[in-house]
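Trainee: I would like to go through the packing in this model, helices and then sheets. Can you keep to what can be computed from the coordinates?

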Amino acid sequence: MVFKKFTDRLLSAGTTAANTLVYGQEQAEKIRQLESMGFPSERARHALNATGGDVDRAAELLLLGGADEQQQHAGPPPASRSTPNNTAPGQNVAAHNDEQMRRAIEESLSVNQQDEARQLRQAEVASMQNNREVIDLTGETTTINANAAKRKKNAAAPQKKSPATTKQPAKKQPTNNNTIKSAAAINAGKAAANRHNNNNHNKFTTTPKKTLDQTHPNIQLPEKLSNKSKEEQILRCANRLKPHVMAVDTLLRAITAVRNSPDNPKFRTIDRSNSNYVKFVRDKPGAEDMLLAMNYRRISCNNELRLERHMVDEALLYLGISALEQMRLTVEYITNKKLRAFHAEMRRVGKQNGSQMQESGMTEVDTAIRLEFLSKCPKEPPEGRGALMSVYLGDESEKIEGGRVSRRFDGDDTLEDVLNWLGGCYGNEVLEKIRGININNNSSREWCLCDLNRYPILPLDVEKHERKTLQYLGLFPSGKLGVRLSDDKWRDREEGASGDGFDIHGSARGLGAASRSMLH
C-alpha cells in the first residue's frame, strides 16, 4: 500500500514536470489543480483547451462529461422490489435536468465564442485603419483593399486558439439582405472614403501647388506696376490721385520744395507719423507709390520716407510736378475742390448755430434777425405728436460740429415754416443762398435744400413749394433735409434743371404725399 502511494506520487510529479516543459508553468499548474480533483491529465488538458484556460469552466465540462460516460456504461439501474414504478421516473427526470444543464452551458460557451469573434473582427478593422486602409463608410463590411485584409486574417488565424475550433463552430451572425441602399448613399460613402484616403495621403506627401499659369493658361495678367518704368509709374499714380484734392496739393508742394532746394535734407524727409500726412496723404491710393517711384525709400526705424541726395533725379521731379499740375485741371479735382470749400463754409455756418453763438456772444443785429424768423414759426407740438424734422449741413460723413438741428412740426405745417425755423437757427445767410441772391437781375442758388429720405437725392424748389404742407411734400411723419452744394444747372436756373435732366425714380413717402414727378 505504501509502495503504491509512493508510485502514484512519482507518476504525478513526473506528469507535472512533463506538463511544465510542454505547456508552460501556468498551464501545468491548471492541469495539476484538475488532477487533484480526480480528473485524468489528458482529459484535463483537453478541457482547458476547450474552455480557453478557465479552470472552473473546465471542471464543469469534465463533470458533465464524466456523468454522461457513467450513464452510458452503467446501463439501466436495477429495479427495486418495493417501489418498481416510482424509481425509473425519478432517474429520467434527473437525466433530463442534466441534459438541459449541458445544453445551457454549451449555449453560453457559443455566445462567448461569438463575442470573441466580434472583438477579433473589430481589432482587425482598427489595425487596417491604422495602416491607412480606407474603410467603406456605406455600412458594408468590405474594404477597398479586401485581398490584403484576407491575408492578414489568414495569417492571424493559427495564432489564436478559439474555443469554437475545439468544441463546435460558432453560429453565423444573421445578416439582413433586405436592406436596399440608394445610389446617393453609396456615392456619398465612396466620396467620404476618397476624402479620407486623400487626407491621409497628404499628411505624408506634399504636392506642389499649381500656379495660375498652369490652371488658367489662356489668361494674361497685366504687368505689375513695380515692373514698369518709373515714368509710367509716376503718371499712373498721379491719375489715381486726382479725386483727392489735399493729397495732390500736399505732394505738389513737397516735390516742388525738393526741386528748388535739393541740398536741404528737411525737404527730402517726410515724417509718416505726421497728423496731416496721415489724414490727407498716407492712405490715399497712389500717394506713397508715387514718392517711391521718385527714389524715396522707407526708413522703418524712424517711420519716415527719405530721399538721399545722390538719388535725386531732376527729370523724375519735373515729371511728377507736371503730372500733378495736369491733375488739377481734371473734372474730378475741380468738383472735389468745390465740395471741400463748401464743407469749409458749412463748418463756419455751423459755428453760427444759436447754441454755439450764445457761448461766444451774439450781436444785437443777429439776435433781432433770428427772433424775427422764429416769430413766424408755429408752436412746436408736444412730444409724441407731429413729425420730427432734422436738417443737416453738408454730408453726414463730415460730422460738422453744430451742423444738425431738429424740431417737431405738424403735418399741415408748410415748407415756409421749416425755412423760418432754419433762419432762426443759422441766420439769414443760409436762406439767401438757398433761395438765390439777385445780382444784376440774376439770382444764383449756390446751395440747395434736399430731401435725404428719397433716392436719388434731388433738390427741392423752395420757391415753388414754399406754401405746400409737409405731408404733401412727403416729409410726414418724419423728415430729413440736407443743405447741399448746387450743381451748375440748378445754380444757374437752366432749362430742365428741375425735372428733365434729372432721374426722378422713386415713390412718394407718407399718406397723401405728392408724386415725385410733381415735385421735381
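**Helix pairs, sheets and two buried residues**

Trainee: Which residues in α3 do Gln27, Lys30, Ile31, Leu34 and Glu35 in α2 meet?

Mentor: The model is predicted: local features need pLDDT of at least 70, side-chain atom pairs count only at pLDDT 80 or more, and totals for chains, interfaces and linings use all residues. Residues are numbered from 1 along each chain as its sequence is written, and side-chain values use heavy atoms, with hydrogens and water left out. Helices (H or I, at least four residues) and strands (E, at least two) are DSSP runs numbered from the N terminus. With contact meaning heavy atoms within 4.5 Å, the residues met in α3 are Ser41, Ala44, Arg45, Leu48 and Asn49.

Trainee: By class, what does the contact of α2 with α3 have?

Mentor: Ala, Val, Leu, Ile, Met, Phe, Trp, Tyr, Cys and Pro count as nonpolar, Asp, Glu, Lys and Arg as charged, and the others, Gly among them, as polar. On that basis the contact of α2 with α3 has four nonpolar, three polar and three charged residues.

Trainee: Are α2 and α3 oblique or roughly antiparallel to each other?

Mentor: Axes are lines fitted to C-alpha atoms, for helices over the stretch in contact, and angles run from 0 to 180 degrees between N-to-C directions. The axes of α2 (residues 25-36) and α3 (residues 41-50) come within 9 Å and cross at roughly 120 degrees. The classes are roughly parallel under 35 degrees, roughly antiparallel over 145, roughly perpendicular from 65 to 115, and oblique for the rest. The two helices are therefore oblique.

Trainee: How do α11 and α14 stand to each other, roughly parallel or roughly antiparallel?

Mentor: Helix α11 spans residues 245-260 and helix α14 residues 314-327; their axes come within 10 Å and cross at roughly 150 degrees. That angle makes α11, relative to α14, roughly antiparallel.

Trainee: Is the crossing of α11 and α14 left-handed or right-handed, and how do the contact residues divide?

Mentor: A crossing is left-handed if the near helix is turned anticlockwise from the far one by less than a right angle, and right-handed if clockwise; the crossing of α11 and α14 is left-handed. On the α11 side the contact includes Val248, Leu251, Leu252 and Ile255, and on the α14 side Leu317, Tyr318, Ile321 and Leu324 are among the residues. The contact divides into nine nonpolar, one polar and two charged.

Trainee: Which residues in α18 do Arg370, Phe373 and Leu374 in α17 meet?

Mentor: Helices α17 (residues 364-375) and α18 (residues 415-426) pack at about 155 degrees with their axes 8 Å apart. They are therefore roughly antiparallel, and the crossing is left-handed. The residues met in α18 are Asn420, Trp421, Gly423, Gly424, Cys425 and Tyr426.

Trainee: Which strands of the five-stranded open sheet does α18 touch?

Mentor: Two strands pair if DSSP finds at least two bridges between them. The sheet has the order β5-β4-β10-β8-β9, with mixed pairing; its edge strands are β5 (404-409) and β9 (459-460), each pairing on one side only. Helix α18 packs on this sheet at about 140 degrees to the direction of β5, and the strands touched are β4, β5, β8 and β10.

Trainee: Which residue in β10 stands opposite cysteine 448?

Mentor: Strand β10 (residues 478-485) is joined by six bridges to β4 (residues 387-393), running parallel. Five bridges join it to β8 (residues 447-451), and there the strands run antiparallel. Opposite cysteine 448 in β10 stands arginine 484.

Trainee: Why is one side of β1 and of β2 left without a neighbour in the sheet?

Mentor: The open sheet has three strands in the order β1-β3-β2, with antiparallel pairing. One side is left without a neighbour because β1 (269-271) and β2 (297-299) stand at the edges, each with a single partner strand.

Trainee: What is the relative accessible area of leucine 305?

Mentor: Leucine 305 lies in strand β3, where it is the bridge partner of arginine 298. It touches residues including Ile270, Tyr277, Leu291 and Leu292, not counting residues up to four places away in sequence. Leucine 305 is buried (under 20% relative accessible area; exposed is over 50%, partly exposed in between, with a 1.4 Å probe and protein chains only), at a relative accessible area of 0%.

Trainee: Which residues does lysine 433 touch?

Mentor: Lysine 433 is found in helix α19 (residues 428-435) and is buried, with a relative accessible area of 16%. Not counting residues up to four places away in sequence, it touches Glu345, Arg445, Glu446 and Trp447.
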